[in-house]
Amino acid sequence: MDSSNRVSFIGIVDFTENARWVFATASCYDLLGYEPHELIGTPSLDLVHPDEFPQVKKMHYDTIRQDKAAVLAYLRMKHKDPYKGYILCAISRTVVHNILVGSVSFATPGPKAMHNASTAQEVTIITPTATNFQFRRWNDPSPMPPSPIPDTAPPPPEDSDSESESESDDTERESTPDRSVSRRKETPVIHFDPLPKQSMRVALILDRFSMSCPVIYISNDSLIATTSAMGRSFFDFVSKKDEELVRSWIDVIKSWGVNERGQPSDGGFGFGKFTCCTEGRDSSLRSNDAPTSRHRQGPRERDRVHLGITSSPLSGRPSSNSNSGRSRGGRNRGGSDPNGEEIVVDAIFSAHSDGLMVILRRAT
């Protein structure tokens, strides 16, 4: 593939067994040759390579049932142009209440791929030739410790001939040179009804090309009313005392989301915690004592920015040293916003060719 197509697009699929597209941004044309309207309503699994279909379908089920967030997989997806065949892609996924939100990007080895894998909470290799994208952490026997499979997983289809298999057949299978192919053939194709809703998270897509980062998509009303958020600056929903910190995080995420040609692309995950104004405020009215430039922060504030956006790889949980939103007696130290409730939220930030994605949930 030409390096000019090394972009990423944001995609959202539903909880049905075929993972139907419900949203896709414009860069899906640059990557896979489809216009967004050609994908909406169609099964996303129709684009998966036939050899990988059973594994990807099972991964789709496990991702939802285990309520995963900020996870990454490498698999092949079909280009609309048959002469381009199947393209190795990096697929990010986060469960957001009743949808699966993520991105699709062209997978190419190098420092950028290593960075993306190092910030993900889990890395799954589906395509056997993509093993060079594996990221191993110290003391881990595998790229990531396996997540527990819930008891509600559908049972695999029964094999009527399993009891009659001879020991010689077992020995022959164990001596198969290509064990990845053997495992792939043995993976059953599961079937399931649409899965129930999961954690109450909300996904926002922001315009990455504007300083105010206006909201161009919001998935539900669990934290912020969709009618209130659309078209408004994302910073309207960030408390005044945390605004400079969150702006610095977004600057970092934007700098990560650039490919080797300097084009907007994907750039891994960043994690943070801040106080959200659920009803919004007017962030265009910056206080006189606020720093006029984020480059004039002191050393202690820069440390907060750096530490607030890193993840804890061994625990698989985001870490944040920011005290933003810590309250005493249920009140925020920065005071209550007159325009609505202020709540502390956990956030996952990621950059893509068509925008920035922010996943929010009430902090635990």
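**Exercise 1. Find the surroundings of Lys254.**
Leaving aside neighbours within four places in sequence, list the residues that Lys254 contacts, then place Lys254 in its element and say whether it is buried or exposed.

*Solution.* Start with the contacts: beyond those close neighbours in sequence, Lys254 touches Arg208, Ser210, Cys213 and Leu356. Keep in mind as you work that this is a predicted model. Next, look for the element: Lys254 belongs to helix H8, which covers residues 243-256. Then check the accessibility: buried means under 20% relative accessible area. Lys254 has 17%, so it counts as buried. One last step is a distance: Gly267 is 13 residues away along the chain, and its C-alpha atom is 7.9 Å from that of Lys254.

**Exercise 2. Put the strands of a sheet in order.**
Work out the order of the strands in the open sheet of 5 strands, and name the strands at its edges.

*Solution.* Reading across the sheet gives S8-S7-S15-S14-S9, with antiparallel pairing. The edges are strand S8 (215-218) and strand S9 (269-277); each has a single partner strand, so one side of each has no neighbour in the sheet. From one strand to the next, the twist averages 30°. Now bring back the helix from the first exercise: H8 packs on this sheet and touches S7, S9, strand S14 (342-352) and strand S15 (355-362). The direction of H8 makes about 150° with that of S9.

**Exercise 3. Take a closer look at strand S7.**
Which way do the residues of S7 point, and which residues stand opposite Ala203 and Ile205?

*Solution.* Begin with the two faces: Val202, Leu204 and Leu206 point one way, while Ala203 and Ile205 point the other way. All of these are buried. With 5 of its 5 residues buried, S7 is therefore largely enclosed by the rest of the structure. Now turn to the partners. S7 (residues 202-206) joins S8 over 3 bridges in the antiparallel sense, and Ile205 faces Tyr217 there. In S8, Val215 is the bridge partner of Leu206. With S15, S7 pairs antiparallel over 5 bridges, and Ala203 is opposite Ile359.

**Exercise 4. Follow strand S4 and its partners.**
How many bridges join S4 to S3 and to S5, and how many residues of S4 are buried?

*Solution.* Take S3 to begin with: strand S3 (residues 71-78) pairs with S4 over 8 bridges, running antiparallel. Within this pairing, Lys78 is matched with Tyr86 in S4. On to strand S5 (residues 99-106): 8 bridges join it to S4, again antiparallel, and Ile91 has Val104 in S5 as its bridge partner. S4 and S5 make a hairpin with 2 residues between them, and His97 in the turn has a positive phi of about 60°. As for cover, 9 of the 11 residues of S4 (residues 86-96) are buried.

**Exercise 5. Sort the aromatic pairs.**
The structure holds 5 aromatic pairs. Classify the pair Phe23 and Tyr217, then the pair Phe234 and Phe235.

*Solution.* For Phe23 and Tyr217, the ring centres are 4.8 Å apart and the planes meet at 40°, so this pair is tilted. Phe23 lies in strand S2 (residues 21-24) and Tyr217 in strand S8, so the pair ties together parts 194 residues apart in sequence. Phe23 is partly exposed at 23% relative accessibility, whereas Tyr217 is buried at 19%. For Phe234 and Phe235, the centres are 5.9 Å apart and the planes are at 65°, so the pair is edge-to-face. Both of these residues are buried. Ring pairs also link Phe234, Phe235 and Phe274 into a cluster. Finally, the charged end of Arg247 sits over the ring of Phe235, 3.9 Å from its centre.

How values were computed. Residues numbered from 1 in each chain as written. Predicted model: local features only at pLDDT ≥ 70, side-chain atom pairs only at ≥ 80, totals over all residues. Heavy atoms only, no water. Buried < 20%, exposed > 50% of the residue type's maximum accessible area, 1.4 Å probe, protein only. Contact = heavy atoms within 4.5 Å. Pairing = 2+ DSSP bridges. Axes fitted to C-alpha atoms, helices over the stretch in contact; angles between N-to-C directions. Phe/Tyr/Trp six-rings, centres within 6.5 Å; stacked < 30°, edge-to-face > 60°. Lys NZ or Arg CZ within 6 Å of the ring centre and 35° of its normal.
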